[in-house]
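I'm opening a fresh page for a structure I haven't looked at before. These are my notes, in the order I looked things up.

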Amino acid sequence: MSPVDALQRALAAEHAATYVYGAIGAATSVSATPGLFASVAAAYGEHRARRDLLTARLRDRGAEPVAADAAYAVPEPLRSPADVSAAALAVERACEETYAWVVEQTSREDRQLAVTALTSAAVRALAFRGSPEIFPGIGEHADR
Amino acid sequence: MPASPPLRTSRRRVLTASAVLAPVVLGTAGCDVVAPVPEPSGEDRSTPTATPSDTTGAGADADADEQLVERVADDVARTLALVESAGRGRPSVRRSLRGVARTHRAHLDELVDSRPTTRRVRVGGDDAAALRRTRTAEQRLQRRLAEAAVDARSGPLGALLASMAAAIAQQLATGALA
């Protein structure tokens, strides 16, 4: 697994996260749940920015960034604020795991990117009823 | 890129390069949104090392990581000592800091076999001052953990330290230290 391959997997995850957050946002009411809507909108923006950063990083390395799929499976149902929070939390937890893995597979500036992204996902998870973890992104230590 | 070397240390199991993480890719190929992809193959399990490893060899990497772990453990232990002191005689502060203290203890337990000795810390002032001082120390520790994650020669150690940095960021974001 080369660092470029690891970045490609991170980009694939960000494509999916961006898509899923789009669906989550569409299911969130700005008037009924303004706080949740703001959190979803902020998360969407942050995932888009990370996606663009990864795309640029891969191009800098001479790699062709992996394209987004036409569609992704979206958690269902998304009828209530609790559904929305659960779906968003699942996205962030998956991103934590992805970036912990990318940290392991990379070094220097690529690892720096992944460290920052792991921290961002962990903090965003708190906005969606996530509780603080002892080892975010590392499931094998999570039961400690 | 070479696999990271096992460390010549009696430290915790996490430093033996066994902590290989499975990647998770969101929502690929119509899978559930958080379905993990299969664990990587044997080739995928190789972990990169930071800079000079290619020229100085596995022993140097192991030594560097061992020193890094000692430094990080000292940092965590010092911060924990401050957290414990801040809560001494301040019940509401102690309650607020329970989560972060538990996090530090778990992190130390993962890094070293016994808690490093630290100088006794005295935190003066009222509750707000104690929380402010603790918050500043946690912010500093969070930055140092993130830097250490990048500096680690082995991938698994880097991932552990990055996870610890993220955990402290979560504690800071909860508002318990505000």
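My entries below start with confidence, then go through chain A and on to a helix pair in chain B.

**Entry 1: how far to trust it**

I'm reminding myself that this is a predicted model. I looked up the overall scores and found an ipTM of 0.95 and a pTM of 0.85. For chain B, I noted an average pLDDT of 78, with 69% of the residues scoring at least 70. I then checked where the low values sit, and residues 1-23 of chain B are one such place, with pLDDT below 50. Beyond near neighbours in sequence, that stretch still has 65 contacts in the model. Residues 27-55 of chain B also stay under 50. For this second stretch I wrote down 68 contacts beyond four places in sequence.

**Entry 2: chain A as a whole**

What is chain A built from? I counted four helices and zero strands, so to speak a plain α-α-α-α when I read along the sequence. The radius of gyration came out at 15 Å, close to the 15 Å that the globule rule gives for 144 residues, so chain A is as compact as a globular protein of that length. Along the principal axes, I have its C-alpha trace down as spanning about 45 × 40 × 20 Å.

How much of chain A is buried? My note says 52% of its 144 residues. I also looked at the contacts in chain A with a separation of 6 or more, and 70% of them come from residues 24 or more positions apart.

**Entry 3: A:A17**

I picked A:A17, which lies in helix α1 (residues 3-26) of chain A. Is A:A17 buried or exposed? It has 29 other C-beta atoms within 10 Å, and 20 or more is the mark for buried, so A:A17 is buried. I then followed A:A17 over to A:Y72, which is 55 residues away in sequence. In space, the two are 9.2 Å apart, C-alpha to C-alpha.

**Entry 4: backbone oddities in chain A**

A reminder to myself before this one: most residues other than glycine have a negative phi, and most peptide bonds are trans.

I found a cis peptide bond joining A:E76 and A:P77, with omega about -5 degrees. A:P77 lies in the loop between α2 (34-60) and α3 (81-105) of chain A.

Next I noted two arginines with a positive phi. A:R108, in helix α4 (residues 108-126) of chain A, has phi near 50 degrees. With 13 C-beta neighbours inside 10 Å, A:R108 counts as partly exposed. A:R129 has phi near 70 degrees and is found in the segment after α4 of chain A. I get 13 C-beta neighbours inside 10 Å for A:R129 too, and partly exposed is how it counts.

**Entry 5: a helix pair in chain B**

How do α4 and α6 of chain B cross? The axes of α4 (residues 98-111) and α6 (residues 155-173) come within 10 Å and cross at roughly 170 degrees. Angles over 145 degrees count as roughly antiparallel, and α4(B) and α6(B) are therefore roughly antiparallel to each other.

I listed who meets whom: from α4(B) come B:G99, B:V100, B:T103, B:H107 and B:E110. On the α6(B) side they meet B:L160, B:M164, B:A167, B:I168 and B:Q171. Sorted by class, this contact has five nonpolar, four polar and one charged residues.

How values were computed. Residues are numbered from 1 along each chain as its sequence is written. Chains are lettered from A and ligands numbered from 1 in the order in which they are written. This is a predicted model: local features need pLDDT of at least 70, side-chain atom pairs count only at pLDDT 80 or more; totals for chains, interfaces and linings use all residues. The radius of gyration is taken over C-alpha atoms; the globule rule is 2.2 Å times the number of residues to the power 0.38. A residue is buried if 20 or more other C-beta atoms lie within 10 Å of its own, exposed if 12 or fewer, and partly exposed in between; C-beta atoms are placed from the backbone. Two residues are in contact if their C-beta atoms, placed from the backbone, lie within 7 Å. Axes are lines fitted to C-alpha atoms, for helices over the stretch in contact, and angles run from 0 to 180 degrees between N-to-C directions. Angles under 35 degrees count as roughly parallel, over 145 as roughly antiparallel, 65 to 115 as roughly perpendicular and the rest as oblique. Ala, Val, Leu, Ile, Met, Phe, Trp, Tyr, Cys and Pro count as nonpolar, Asp, Glu, Lys and Arg as charged, and the others, Gly among them, as polar. pLDDT is the predictor's confidence in each residue, from 0 to 100.
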